[in-house]
Amino acid sequence: MSGHHLIDEDTTFIVQGITGREAVNLTRENLDYGSNIIGGVTPGRRGRDVHGVPVFDSVAQLVNEVGQVPDGSVVTVPPTFTRDAVFEAIEAGVKLIVIVTERIPRQDVAQMVELATLRGARIIGPNCLGIIRPGVAKMGGIGGPAADTRKAYEPGSIGVMSRSGGMTTEISSTLSAAGLGVSTAISIGGDAIIGSTYAELMPLFEADEQTEGIVIYTEPGGRMEAQLAAWLSENESRLPIVAFMAGRFMDEMPGMSFGHAGTIVEGKADTAAEKIKRLESAGITVAEEISEIPDLMREKLGSVATA
């Protein structure tokens, strides 16, 4: 990974579980977009290929035969085997792991995150659509087929982070249509335990000269925005942030769960209204509609420019 970008034109990656039906699709969509997939792994399938990508029995075997350690891996293996696949990739020296698989046991996720931390690797997900640097490369199912991806994600100056993969694309599409465009978008995953939170990803956007602002998608409940607010109060961030909050009607129904596993509403402190207050006191502007995001961001960018 050159520079501070999560991915760029030189990023090489592999697909673990590449011969699965969804993985075959994902591989084609990523190749069509211009991503650099150097191999795939499915135990027992060595010698096959998927859309021209050679398949190996293990990551170690792939590294040995291809003659290089890939920068990243997209992991699409079934939940029971995900932990082993991720351990294998990290032990082989892979530094960026995008886990598409959902319903992985929490204990396994905790162990994967712990090993990644020990080895200086980064996990995105699980249960996520991955990462895109528009016009350059993408890792994962983000944006769907290449033609759709090009429409929704135009290169530009705004970073996007979202627990919901669909919302990542919705927001990016709105930024693209408004002419702001997207520097890097990350679908971080909807599960209760994930490898990289908003606060943990902020330094990468801070260090990326292409990024001038950030949009995050948030839901009622969950703790991740509180961490982001704390991070912002401790770090002099150069980046204005706009948050889009869905489901404000949830205030009427405390105790209901909303969407993802990580967003159960837990009493008063986590109602939408409380969360909006917390975000706004950290300097984050909260949009009520997706359509408002570009104008709110332009206002914030304008005040940064004149500051």
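**Exercise 1.** Which residue of S5 stands opposite Val15? Place the two strands in this predicted model.

*Solution.*
- Start with the strand pair. S1 and S5 (residues 72–75) run parallel and are joined by 4 bridges.
- Now read across. Val15 faces Val74 in S5.

**Exercise 2.** Work out how S1 is linked to S2, and by what route the chain gets there.

*Solution.*
- S1 and S2 are parallel, with 5 bridges between them.
- Within this pair, Ile14 stands opposite Gly39 of S2.
- The chain leaves S1, passes through helix H1 (residues 21–33) and enters S2. This β-α-β crossover is right-handed.

**Exercise 3.** Decide whether S1 is enclosed or open, then sort its side chains by direction.

*Solution.*
- Apply the cut-off: buried means under 20% relative accessible area.
- In S1, 5 of the 5 residues are buried, so the strand is largely enclosed by the rest of the structure.
- Thr12, Ile14 and Gln16 point one way. Phe13 and Val15 point the other way.

**Exercise 4.** Lay out the full sheet, find its edges and place helix H2.

*Solution.*
- The open sheet has 7 strands, ordered S3-S4-S2-S1-S5-S6-S7, with mixed pairing.
- S3 (49–50) and S7 (122–124) each have a single partner strand, so one side of each lacks a neighbour in the sheet.
- Helix H2 (residues 59–66) packs on the sheet and touches S1 (12–16), S2 (36–41) and S4 (53–56). The direction of H2 makes about 130° with that of S2.
- At the S7 edge, S6 (residues 96–99) pairs with S7 in the parallel sense over 3 bridges. There, Ile97 is opposite Ile123 of S7.

Technical notes: Residues are numbered from 1 along each chain as its sequence is written. This is a predicted model: local features need pLDDT of at least 70, side-chain atom pairs count only at pLDDT 80 or more; totals for chains, interfaces and linings use all residues. Side-chain values use heavy atoms; hydrogens and water are left out. Two strands pair if DSSP finds at least two bridges between them. Helices (H or I, at least four residues) and strands (E, at least two) are DSSP runs, numbered from the N terminus. Contact means heavy atoms within 4.5 Å. Axes are lines fitted to C-alpha atoms, for helices over the stretch in contact, and angles run from 0 to 180 degrees between N-to-C directions. Buried means under 20% relative accessible area, exposed over 50%, partly exposed in between (1.4 Å probe, protein chains only). A crossover is right-handed if, with the strands pointing away from the viewer, the path from the first strand over the helix to the second runs clockwise.
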